[in-house]
Amino acid sequence: MGAVLVPGSGRAEWLEEWSAELDAPTGPAGRRPEGAPGVLEFAAGALPHALWMRTEGWTMDGILQDVRYAIRVLGRAPGFTWVAAATLALGIGANAAIFSLVNGLVLREPPGIAEPERLVQIGRSYESAPRWDVFSWPAMKLIEAEAPTLSGVAGYSPETFVIGRGAETERVVGHLVSGSYFDVLGVRPHVGRLLRPDDDVRPGEHHVAVLSHSLWIGRYGGDPDIVGSTITIGSRPWEVVGVVPEDFRGVSHLGTRPELFVPLLMSRYLDAETPAQDWGSSWIDVFGRLEDGTTFEEASASMAVVSARLREASATNQDMLALLARGVGLDPDDREAALRLSGILAVIVALVLLLTCTNVANLFLSRAANRTSELGVRLALGAPRARLARQLVTESTVLSFAAITLAIPLVALAGDLLPLVVPTRMVASLDADVRVYAFLGAIGIAAGLLFGAVPALSWSRSSPVATLREGASTRRATRLLSPFSPCTNCKFCYESAMCSLPSCSRSR
């Protein structure tokens, strides 16, 4: 049984050696001599030896030798190498670009946030009409007071602001945020301070604002004295209290990057006198941070109490449910839509990659046909079929590394190109990171092994005699197509440049 594992070139010697061990002569009374192996000892020694002989060539020196030879072989055909590598680079580059979309929208957390894995989204739903929706101001404050498993609750809502006066007027997108917004996220100021809970107590009272880093640099030239100064927002003076860090983009992956942050109670949608009684006006996205040691499951279970309190607080909240979702960036509905879109694109580019691998495999098969004589001679000289198959797979793997190198610039550009073709605005960065490049390398190597296995399997089943005969016929066919070489099957072709016999190929 172990002989099957041994390469054919050394199988006879292996069988002879271990058969002699097994058939050792017995001593008196049928006892085997001391030191002679029994059946179990034989199996314990023979099988590892067979496996070692099978993998003996898989040493670092052997692998490097295969790699060097593969580079020389591919270097002899630069046209084939470049065409095959570029074709494969387009296929694996497209797949890596789609993965960077999934990575940016679904897998990557918003930057500039402390411990994002402890953040949860809180959504409004109803038993009679399940969905994911936003909350009103009083509902957010009730959740903040009644959720024991959350160390903090905050909310935000997108808003458009007009800053400056006259010719310097500029329209920017910002966020109305609760006073606990930056504390719950764990964001620290780049300059000055950020909004605090006491900035968000009474409607229309605190005209304070926090600038984004890009707005601070682009409009105010990065002036450190901006803190404490007054800017015009909506024709009214507002005090700038701080600037957020450069990498902070808010908590949503979709929409437009916020350039300005002001207190929620400065919203024009709130009644200045009775905001806490306006249960029917829902416009705030709510999120929270889990208490230390609290699991998501425990926090989700505790929201049943919060849901009951919401229903008790107002008739408007009948049938209302407060639900949790892991992380921030995309709410469950947007996450599902993003995964659906990414899945459709992934199927398309996977088919492109399959077609690419098929084309490259055909190129390898065509090229292998021109190497029939070389491989046939190596088979005739005793080279194991597995050794030749390994060499062919090594060549395809080296080619895949070349394709990966060519695909890296394509993947690097995907972060700038994908937002142009995706039908929604995105705050999330789609730039390639370590995860994307690891995916590129994995899919590139897998594709190389896939298309390299086709010619390797083909050659591993061929016989030396048939291969040499095929190589000879290939050379003969090449000579028949040449107008300057005589036909070896017709003696008249040796006497003239053109044979007059109808049966000779030179007469055509």
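**Salt bridges, strands and cores**

Visitor: What is the relative accessible area of Glu-297, and to which exposure class does Glu-297 belong?
Guide: The relative accessible area of Glu-297 is 48%. This value comes from a predicted model, in which local features need pLDDT of at least 70 and side-chain atom pairs count only at pLDDT 80 or more, whereas totals for chains, interfaces and linings use all residues. Residues are numbered from 1 along each chain as its sequence is written, and side-chain values use heavy atoms, with hydrogens and water left out. Buried means under 20% relative accessible area and exposed over 50%, with partly exposed in between (1.4 Å probe, protein chains only), so Glu-297 at 48% is partly exposed.

Visitor: Which side chain meets Glu-297 in a salt bridge?
Guide: A salt bridge requires a side-chain nitrogen of Lys or Arg within 4 Å of a carboxyl oxygen of Asp or Glu. For Glu-297 the N to O distance is 2.8 Å, and the partner is Arg-326. The pair links distant parts of the chain, 29 residues apart: Glu-297 lies in helix H8 (residues 296-313) and the partner in strand S11 (residues 320-326), helices (H or I, at least four residues) and strands (E, at least two) being DSSP runs numbered from the N terminus. The side chain asked for is that of Arg-326.

Visitor: How many salt bridges does a search of the whole structure find?
Guide: Among them is Asp-133 with Arg-124, whose closest N and O atoms are 3.2 Å apart. Arg-131 also forms one with Asp-133, at 3.3 Å. The search of the whole structure gives a total of 14.

Visitor: Is Arg-124 buried or exposed?
Guide: Its partner Asp-133 has 24% relative accessibility and counts as partly exposed. Arg-131 is likewise partly exposed, at 36%. Arg-124 has a relative accessible area of 8%, so Arg-124 is buried.

Visitor: Which residue in S9 stands opposite Leu-211?
Guide: Strands pair if DSSP finds at least two bridges between them. Strand S4 (residues 170-177) and strand S9 (residues 260-263) run parallel, joined by 3 bridges, and Leu-176 stands opposite Val-262. Strand S6 (residues 208-211) runs antiparallel to S9, joined by 2 bridges. Opposite Leu-211 stands Leu-260.

Visitor: How many residues has the largest nonpolar core?
Guide: A nonpolar core is a set of buried Ala, Val, Leu, Ile, Met, Phe, Trp, Tyr and Cys residues joined through side-chain atoms within 4.5 Å. Residues with the most contacts inside the largest core include Ile-143, Leu-211, Ile-233 and Leu-260. Beyond its neighbours within four places in sequence, Ile-233 is in contact (heavy atoms within 4.5 Å) with residues including Phe-161, Trp-238 and Leu-260. The largest core has 45 residues.

Visitor: Which residues of helix H5 are buried?
Guide: Helix H5 spans residues 137-146. The cover over its buried residues includes strand S1 (119-126), strand S3 (150-163), strand S10 (282-290) and H8. The buried residues are Trp-137, Pro-138, Ala-139, Met-140, Leu-142 and Ile-143.

Visitor: How far apart in space are Trp-82 and Ala-403, C-alpha to C-alpha?
Guide: Trp-82 is placed in helix H4 (residues 78-107) and counts as exposed at 56% relative accessibility. Trp-82 and Ala-403 are 321 residues apart in sequence. In space, the C-alpha to C-alpha distance is 8.8 Å.
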